Amino acid sequence: MAGVKDYLNGKVSANREQIEYHVKEILKLIGENVEREGLLETPARVTRMYEEIFAGYDVDPREVLGVTFDEQHEELVIVRDIVYYSQCEHHMAPFFGKAHIGYIPSGKIAGLSKLARLVEAVTRKLQVQERITSQLADIMNDALHPNGVMVVVEGEHLCMCARGVKKSGSKTVTSAVRGEFVTNAALRSEFLSLLKQ
Ligand SMILES: Nc1nc2c(ncn2[C@@H]2O[C@H](COP(=O)(O)OP(=O)(O)OP(=O)(O)O)[C@@H](O)[C@H]2O)c(=O)[nH]1
Ligand SMILES: [Zn+2]
């Protein structure tokens, strides 16, 4: 998986000074003393954190699946339990969980790590869970032209636990299907049962 060095020179890095300045201003506005020792480095730390959690702005997720292999395997392939961390676009609060991607190739397969990289590319930005789910399905569909794609994403949203309705432990599950999965209920069930193993 990408290391922090991969995030340098991205959009956050290019705007580092400005971001640090505005983080400091927010600290002042919430009533903090920005001169106290514990906070001196905080604007710079927050900016470095943004380089990681917003690294997706610097990646074209479609390019992630640029390398594929010709292979006549036309059975279900699933990469499950791909852990992701994203930020909800309504509150800029983290949400996180696991993404599961399944597809039935039609002459082309993707490197397995590329599916995990694809999840990184679409989640490391401000998002909603539904859009993550449909983007994963659409990008897989466009890049591999498979017989079918199914994506399930599970997420726990801090904006629902730490604030607002305060329902910790609730999970949101979203799914998207393309191709054969749309019409074939048995295939959807096979995918879901393989997620439970
Ligand atoms: N559909 C969807 N909603 C999300 C996601 N992340 C956060 N939200 C919701 O975005 C909504 C924003 O609603 P608003 O009424 O504008 O904001 P709010 O007053 O802070 O809402 P509460 O969270 O209910 O206090 C909330 O219901 C959140 O739960 C997501 O990934 N998908
Ligand atoms: Zn939210």
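How many bridges join β3 and β6, and in which sense do the two strands pair? In this predicted model, the pairing is antiparallel and extends over ten bridges. One of the residue pairs that face each other is Lys98 with Glu154, the latter being its bridge partner in β6.

These two strands belong to an open sheet of five strands with mixed pairing, arranged in the order β5-β2-β3-β6-β7. At the edges stand β5 (126-127) and β7 (172-179), each of which pairs on one side only. Strands of a sheet pair through backbone hydrogen bonds, in either a parallel or an antiparallel sense. Both senses can be followed from strand β2 (residues 77-88). Towards β3, strand β2 pairs in the antiparallel sense over nine bridges, and Ile78 stands opposite Gly102 of β3. Towards β5, the strands run parallel and are joined by two bridges; here Gln87 is placed opposite Leu126.

Strand β3 is largely enclosed by the rest of the structure, because eight of its eleven residues are buried. Two helices can be traced against the sheet. Helix α6 (residues 129-144) lies across β2, β3 (94-104), β5, β6 (148-157) and β7, and runs at about 25 degrees to β7. Helix α9 (residues 185-196) also packs on the sheet, where it touches β2, β3, β6 and β7. The direction of helix α9 makes about 45 degrees with that of β6.

The hairpin of β2 and β3 has five residues between its strands. Among the residues of the loop between β2 and β3 is Met92, whose phi is near 55 degrees, a positive value in a residue other than glycine. Met92 is exposed, since 10 other C-beta atoms lie within 10 Å and a count of 12 or fewer defines that class. A positive phi, near 50 degrees, is also found at Lys166, likewise a residue other than glycine. Lys166 sits in the loop between α7 and β7, and with 8 other C-beta atoms within 10 Å, Lys166 is exposed.

Attention now turns to the ligand. Which residues lie around ligand 1? They are Cys88, His90, Val128, Gln129, Glu130, His157, Cys159, Met160, Gly164 and Val165. The elements that contribute two or more residues to this shell are α6 and α7 (158-161). By character, the shell consists of five nonpolar residues, four polar residues and one charged residue.

An unreviewed UniProt entry lists Cys88, His91 and Cys159 under "binding site". These positions span 72 residues in sequence, yet no two of their C-alpha atoms are more than 7.9 Å apart, so the three gather at one spot. Two of the listed residues, Cys88 and Cys159, also appear in the shell around ligand 1.

Cys88 lies in strand β2. With 18 C-beta neighbours inside 10 Å, Cys88 counts as partly exposed, because a residue needs 20 or more to be buried. Beyond the residues up to four places away in sequence, Cys88 touches Ala93, Phe95, Val128, His157 and Cys159. His91, in turn, is located in the loop between β2 and β3. His91 is also partly exposed, as 16 other C-beta atoms lie within 10 Å.

Terms used: Residues numbered from 1 in each chain as written. Chains lettered and ligands numbered in written order. Predicted model: local features only at pLDDT ≥ 70, side-chain atom pairs only at ≥ 80, totals over all residues. Pairing = 2+ DSSP bridges. Helix = DSSP H or I, 4+ residues; strand = E, 2+ residues; numbered from the N terminus. Contact = placed C-beta atoms within 7 Å. Axes fitted to C-alpha atoms, helices over the stretch in contact; angles between N-to-C directions. Near = placed C-beta within 6 Å. Nonpolar A, V, L, I, M, F, W, Y, C, P; charged D, E, K, R; others polar. UniProt positions renumbered as here; feature names shortened; annotations may be inferred.
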